[in-house]
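Let's take a friendly walk through the charged side chains of this protein. Have the sequence and the 3D view open as you read.

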Amino acid sequence: MRSIAQAAGAARQVAVAACLLCVAAGAPAGVLDFLFGSSKEASTKQAPDSRRRTWHVSEFTGVRVVPAESGAAANSQPVNLSTNLVRDLLNQVRVPGPGNGEALFGREELDELLEPISEALQVAGPREDVLVVSSNRRGGGLLSMPMAVTARLFVAGDKLNLIVHDTRYDFFGLYRGANKQPEFVYGSRSAASSAAIDRPGAVRRR
């Protein structure tokens with residue numbers, strides 16, 4: 001299994017970068033490319049079952065490994081990223097809003113996703129992507145309805161790509177009122193969405 005540390009060379013620290021693709025409806029994708037700092041850390045846990053493709057966290061939160069989009073270049077997977085490194089990568093991604101906006105993922109919400117994402121990237125092959133859906137009340141209190149984040153992740157070279165389709169998908173009202181299962185849509189390399197995300201130090205590439 002290939003690890004980021006091995007790819008960069010065992011004798012030096014690993015520079016891990018990520019492209020964040022946030023797309024405005026009807027407009028070109030906004031692509032952010034940034035460094036997350038250096039780390040030698042890779043996951044030291046026992047390797048997950050290579051046949052596993054689904055991680056169920058809660059009713060509307062989970063991670064899946066799926067075939068990559070048609071025509072996509074081969075990914076640099078499987079890859080071994082520790083949960084700490086995944087946290088560093090995703091922790092500062094923000095959604096625009098009043099003041100400094102808010103984090104894409106809440107702290108406890110992200111904690112639940114770290115291990116599934118890390119394991120999914122360890123078992124995903126070059127022709128597979130990782131899909132994430134995560135539902136949370138988003139700081140609205142116990143009476144607020146959950147809203148979902150939907151995204152696609154894959155590793156290309158030494159870059160973890162995060163493509164977000166929905167930052168706050170209000171699906172729960174329809175589910176509760178009509179008992180209709182939500183149809184989540186995930187980020188795409190080629191299709192635009194209305195999502196907007198940012199991270200301090202990111203460079204907008206497109």
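What follows is a short report on salt bridges and on one aspartate in a predicted model.

**Salt bridges across the chain**

How many salt bridges does a search of the whole structure find? The count is nine. As background, side chains of opposite charge can pair when their charged atoms come close. Three of the pairs are set out here, with the N to O distance for each.

| Salt bridge | Distance, N to O |
|---|---|
| Asp-49 and Arg-51 | 3.1 Å |
| Arg-52 and Glu-119 | 3.8 Å |
| Arg-168 and Glu-102 | 3.4 Å |

Begin with Asp-49 and Arg-51, whose side chains meet in a salt bridge. Asp-49 counts as partly exposed because its relative accessibility is 39%. Arg-51 has a relative accessible area of 69%, so Arg-51 is exposed.

Next comes the salt bridge between Arg-52 and Glu-119. Arg-52 lies in the loop between strand S3 (29-39) and strand S4 (54-58), while Glu-119 belongs to helix H3 (residues 107-123), so this pair ties together parts that are 67 residues apart in sequence. Is Glu-119 buried or exposed? Glu-119 counts as buried, because its relative accessibility is 13% and the cut-off for buried is under 20%. Arg-52, with 36% relative accessibility, counts as partly exposed.

The last row of the table joins Arg-168 to Glu-102. Arg-168 sits in strand S11 (residues 159-169) and Glu-102 in strand S8 (residues 102-103), so the pair ties together parts that are 66 residues apart in sequence. Arg-168 is buried, with a relative accessible area of 19%, whereas Glu-102 is partly exposed at 35%.

**Asp-129 and its network**

Now turn to Asp-129, which is found in strand S9 (residues 128-136). Asp-129 counts as buried because its relative accessibility is 0%.

Which residues are linked with Asp-129 in a network of salt bridges? They are Glu-69, Arg-152 and Arg-189. The side chains of Asp-129 and Arg-189 are also joined by a polar contact of 2.8 Å.

Leaving aside residues up to four places away in sequence, Asp-129 touches Glu-69, Arg-152 and Arg-189, among others. Its contacts also include Arg-64, Val-65, Val-66, Pro-67 and Ala-68. Asn-75, Leu-153 and Phe-154 are touched by Asp-129 as well.

To look at this part in the 3D view, start from Asp-129 in strand S9, then find its network partners Glu-69, Arg-152 and Arg-189.

Definitions and conventions
Residues numbered from 1 in each chain as written. Predicted model: local features only at pLDDT ≥ 70, side-chain atom pairs only at ≥ 80, totals over all residues. Heavy atoms only, no water. Helix = DSSP H or I, 4+ residues; strand = E, 2+ residues; numbered from the N terminus. Buried < 20%, exposed > 50% of the residue type's maximum accessible area, 1.4 Å probe, protein only. Polar contact = N/O pair within 3.5 Å; in protein donor to acceptor, adjacent residues only side chain to side chain. Contact = heavy atoms within 4.5 Å. Salt bridge = Lys/Arg side-chain N within 4 Å of Asp/Glu carboxyl O.
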